Amino acid sequence: MPSLQARALTPQTAETDAIRFLVGTQSLRYDNQIHIIDFDDENNIINKNVLLHQVGEIWHISTSPADKGVLATCYNKTSDTKVMTCAAVWRMPKELESGSHESPDDSSSNTQTLELLCHLDNTAHGNMACVMWEPMGDGKKIISLADNNILLWDLQESSDKAVLSSSTALEGKGQLKFTSGRWSPHHNCTQIATANDTTVRGWDTRSMRQIYCIENAHGQLVRDLDFNPNKQYYLASCGDDCKVKFWDTRNVTEPVKTLEEHSHWVWNVRYNHSHDQLILTGSSDSRVILSNMVSISSEPFGHMVDDDELSDQEDQHQEEKIKEPLQDSVIATYEEHEDSVYAVEWSSADPWLFASLSYDGRLVINRVPRALKYHILL
């Protein structure tokens, strides 16, 4: 079987001990699959388990923050010559829930199937762009973006039913279709940010009202967003103008900082969960760039050293250093991909490890900063 095309990638958010990523395929000719990728760091071995996702090609995948076995996908469904993008919540087989270092002996015959928990009653609201889980939540609250609608769902006890608890819609002229969104881990998880066309908006999930709007955040389509995990008003965006921008949502007239390192559309931007100066981006220029945006991080002067640990001479030197904020820089540019990099994600178990996925189905796992390279062709 040839390598499968893919664009959907997620860490297994609830798995904080083992390094594990999930990849969703985009094939028109074959049954689509979710590949569970386990990385055994000590022995530098990658193990893969395959789950069948028979409903259509996968555009987006996300995992429950509370239950290792539960995930959501957005996928294409063709009915009456019309293609719709739907969303559903699934459970993987119990024996695959936790990261393991055992690969099945014969992977071809050992394909298992996902159990459908519930559909997010899609067609009523248009095409699903993404599904977001409430950060640090109990896995019972999710938001989906469908065309111009924001839909907040409550998953019932065993997640086998989703009840729409509130919704709102974008009104006005122009391209009113959401491309992506992120749920902020701050403000008691009551805020999300969305991208549509060149605009980034903030929303309060309690009132479902808009709280800020960055018009023309990018010169072209905004592709992705991410919140700084440690600084509550900081938001990153990226787009088809090849730029990555950083915003303070209290004052959105100008970005705080702009990165212009990519030479084509930037599909993805991700803050490191532990060290928010580390920023990962992936682009159609086939490159993954790791940047050190220390000036706008939660530790702009670097990690402070305890005075007691320094001799007098070092002490003086340290004081001089502290006055001068560290410089922002590109740490590394990774060129292992030969096709558009549609997704980059940090591991939820190891803060120094990340994965990138290009459309030809190649998943690369790298480390900060001196990366050992593992190529897998799905």
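Here are some worked exercises on the predicted model shown above.

Before you start, note that residues are numbered from 1 along each chain as its sequence is written, and that side-chain values use heavy atoms, with hydrogens and water left out. Since this is a prediction, local features need pLDDT of at least 70 and side-chain atom pairs count only at pLDDT 80 or more, while totals for chains, interfaces and linings use all residues.

**Exercise 1. Overview**

Task: find the secondary structure content of the protein chain and the share of buried residues.

Solution. Start with the DSSP runs: helices are H or I runs of at least four residues, strands are E runs of at least two, and both are numbered from the N terminus. The protein chain comes out with one helix and 29 strands. Next, take accessibility: buried means under 20% relative accessible area, exposed over 50%, and partly exposed in between, using a 1.4 Å probe and protein chains only. Of the 378 residues, 54% are buried. Finally, look at contacts, meaning heavy atoms within 4.5 Å. Among contacts with a separation of 6 or more, 50% are between residues 24 or more positions apart.

**Exercise 2. Salt bridges**

Task: work out which parts of the chain are linked by Lys68 and Glu15, then do Arg91 and Asp67.

Solution. The criterion is a side-chain nitrogen of Lys or Arg within 4 Å of a carboxyl oxygen of Asp or Glu. The structure holds 17 such salt bridges.

- Step one: Lys68 and Glu15 qualify, at 3.3 Å from N to O. Lys68 sits in the loop between strand E5 (58–63) and strand E6 (70–79), and Glu15 in the loop between strand E1 (6–11) and strand E2 (19–25), so these are distant parts of the chain, 53 residues apart.- Step two: check burial for that pair. Glu15 is buried at 3% relative accessible area, whereas Lys68 is partly exposed at 26%.
- Step three: Arg91 and Asp67 form a salt bridge with their closest N and O atoms 2.8 Å apart. Arg91 lies in strand E7 (residues 82–91) and Asp67 in the loop between E5 and E6, so this pair ties together parts that are 24 residues apart in sequence. Asp67 counts as partly exposed, with 25% relative accessibility.
- Step four: extend the pair. Asp67, Arg91, Lys94 and Glu97 are linked in a salt-bridge network.
- Step five: for contrast, try Arg287 and Asp285, which meet at 3.2 Å, N to O. Both of these residues are buried.

**Exercise 3. Two open sheets**

Task: which strands are the edges of the sheet E22-E23-E24-E25, and which are the edges of E14-E15-E16-E17?

Solution. Two strands pair if DSSP finds at least two bridges between them.

- Step one: E22-E23-E24-E25 is an open sheet of four strands with antiparallel pairing. Its edges are strand E22 (266–271) and strand E25 (329–334), each pairing on one side only. Neighbouring strands are turned by 20° against each other on average, direction ignored. For such angles, axes are lines fitted to C-alpha atoms (for helices over the stretch in contact), and values run from 0 to 180 degrees between N-to-C directions.
- Step two: zoom in on strand E24 (residues 288–292), which is joined to E25 by five bridges in the antiparallel sense. Here Ser291 stands opposite Val330 in E25.
- Step three: E14-E15-E16-E17 is also an open antiparallel sheet of four strands. Strand E14 (178–183) and strand E17 (209–214) are its edges. The twist averages 25° from one strand to the next.
- Step four: E14 pairs with strand E15 (residues 191–196) over five antiparallel bridges, and Gly181 faces Thr194 in E15.

**Exercise 4. Aromatic rings**

Task: what is the geometry of the Tyr342 and Tyr359 pair, and which cluster holds these residues?

Solution. Rings of Phe, Tyr and Trp (its six-membered ring) pair if their centres lie within 6.5 Å; planes under 30 degrees apart are stacked, over 60 edge-to-face, and the rest tilted. The whole structure has seven aromatic pairs.

- Step one: the Tyr342 and Tyr359 centres are 5.4 Å apart and the planes stand at 70°, so the pair is edge-to-face. Tyr342 is in strand E26 (residues 341–346), and Tyr359 is in the loop between strand E27 (353–358) and strand E28 (362–367), 17 residues apart.
- Step two: Tyr342 is buried at 15% relative accessibility, while Tyr359 is partly exposed at 22%.
- Step three: Trp346 and Phe354 are another edge-to-face pair, with 5.4 Å centre to centre and 70° between the planes. Both are buried.
- Step four: Tyr342 and Tyr359 belong to one aromatic cluster with Trp265 and Trp267.
- Step five: add charges over rings (NZ of Lys or CZ of Arg within 6 Å of the ring centre and within 35 degrees of the ring normal). The charged end of Arg223 sits over the ring of Trp267, 4.0 Å from its centre. Lys231 lies over the face of Tyr234, 4.1 Å from the ring centre.
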